[in-house]
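Trainee: Got a minute to go through this one with me? I'd like to start with the side chains and then wander a bit.

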Amino acid sequence: MRRKSSTTRPTNTPKPSIFQSPMFNFATIALLGGVMILGIGIGIAFSSTTTLSSSNVASREFIDTRAPNPEICVQYGSSAMVMDARLFVTLNPFNVFVAQPNIRPGCVIRQNNWAILENKKLVTSEQVRECKNRLNTFGFTGDLNSEKPDIRCIYQNESAQNFFLSQPGAVGTPQDTERF
């Protein structure tokens, strides 16, 4: 049996690269690059126009800088917003009235750092013992170096929730920072 000789060979044509296709020409790439740079510029503009004033508390850093004795507060505890409000309850007729709250910067000290307050003679050993027996901690407002900072034994409310973190997809805070 004789084979037919084939004089025509199949030619392998190279496939066009993705950059040679009409979908990705240089104009399209330049346009996408321009949109990306514009998006980055708009993002920077929005983040730099955030005003941090007393009427707009927008970050933890702002609260940390306004805390009394910020270097002690951040190192040995956590800065806080302290809200004082008065409730008036009448019995006949039964009514509840709430005064305008007073919000000011404060600090919560971790239990293992109470020695700072004791060394400055701001709390007595009796106050430390009573606060420790109730499994509480100390919080303060006012400068620790002033005549009379307001230091109180405060209770951590375990049932308080941060509803911003309970959203689907939200990431929780590390467990070791939740207990003072």
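**Salt bridges and beyond**

Mentor: Arginine 129 has a relative accessible area of 44%, so it is partly exposed. Here buried means under 20% relative accessible area, exposed over 50%, and partly exposed in between, using a 1.4 Å probe and protein chains only. Keep in mind that this is a predicted model, where local features need pLDDT of at least 70 and side-chain atom pairs need 80 or more, while totals for chains, interfaces and linings use all residues. Numbering runs from 1 along each chain as its sequence is written, and side-chain values use heavy atoms, leaving out hydrogens and water.

Trainee: Okay, and which residue forms a salt bridge with arginine 129?

Mentor: Glutamate 126 does, with the closest N and O atoms 2.4 Å apart. A salt bridge here is a side-chain nitrogen of Lys or Arg within 4 Å of a carboxyl oxygen of Asp or Glu. The two residues are three apart in helix α5 (residues 125-133), so about one helical turn separates them. Helices (H or I, at least four residues) and strands (E, at least two) are DSSP runs, numbered from the N terminus.

Trainee: How many salt bridges are there by that rule?

Mentor: Four. Another of them joins aspartate 150 to arginine 104, at 3.7 Å between the closest N and O atoms. That pair links distant parts of the chain, 46 residues apart: aspartate 150 sits in strand β6 (residues 150-154) and arginine 104 in strand β4 (residues 102-109). Arginine 152 also bridges to aspartate 150, at 3.1 Å. Through shared partners, Asp84, Arg104, Asp150 and Arg152 become one network.

Trainee: What does β4 pair with, then?

Mentor: Strand β1 (residues 77-84) pairs with β4 in the antiparallel sense over eight bridges, and valine 82 stands opposite arginine 104. Strand β5 (residues 137-141) also pairs with β4, antiparallel over three bridges. There, isoleucine 109 stands opposite phenylalanine 138. Two strands count as paired if DSSP finds at least two bridges between them.

Trainee: Changing topic: which residues have the most contacts inside the largest nonpolar core?

Mentor: Leu117, Phe138 and Ile151, in a core of 15 residues. Such a core is a set of buried Ala, Val, Leu, Ile, Met, Phe, Trp, Tyr and Cys residues joined through side-chain atoms within 4.5 Å. At least two residues each come from α3 (70-76), β4, α4 (115-119), α5 and β5.

Trainee: And on the surface, which residues form a nonpolar patch?

Mentor: Leu87, Val89, Leu91, Phe94, Val96 and Val98, with about 670 Å² of accessible area together. Areas come from the Shrake-Rupley method with a 1.4 Å probe, and for residues only the protein chains shown count as cover. Patch members have over 30% relative accessible area and no salt bridge; like charges are joined within 9 Å, nonpolar side chains (Val, Leu, Ile, Met, Phe, Trp, Tyr) within 5 Å. Strands β2 (87-91) and β3 (94-98) each give two or more residues to the patch.

Trainee: Last one: where is proline 93?

Mentor: Proline 93 is in the loop between β2 and β3, and the peptide bond leading to it from asparagine 92 is cis, with omega near 0°. For backbone angles, look also at asparagine 69, where phi is positive, near 50°. Asparagine 69 has a relative accessible area of 8%, so it is buried. Leucine 135 has a positive phi as well, near 55°, but at 57% relative accessible area it is exposed.
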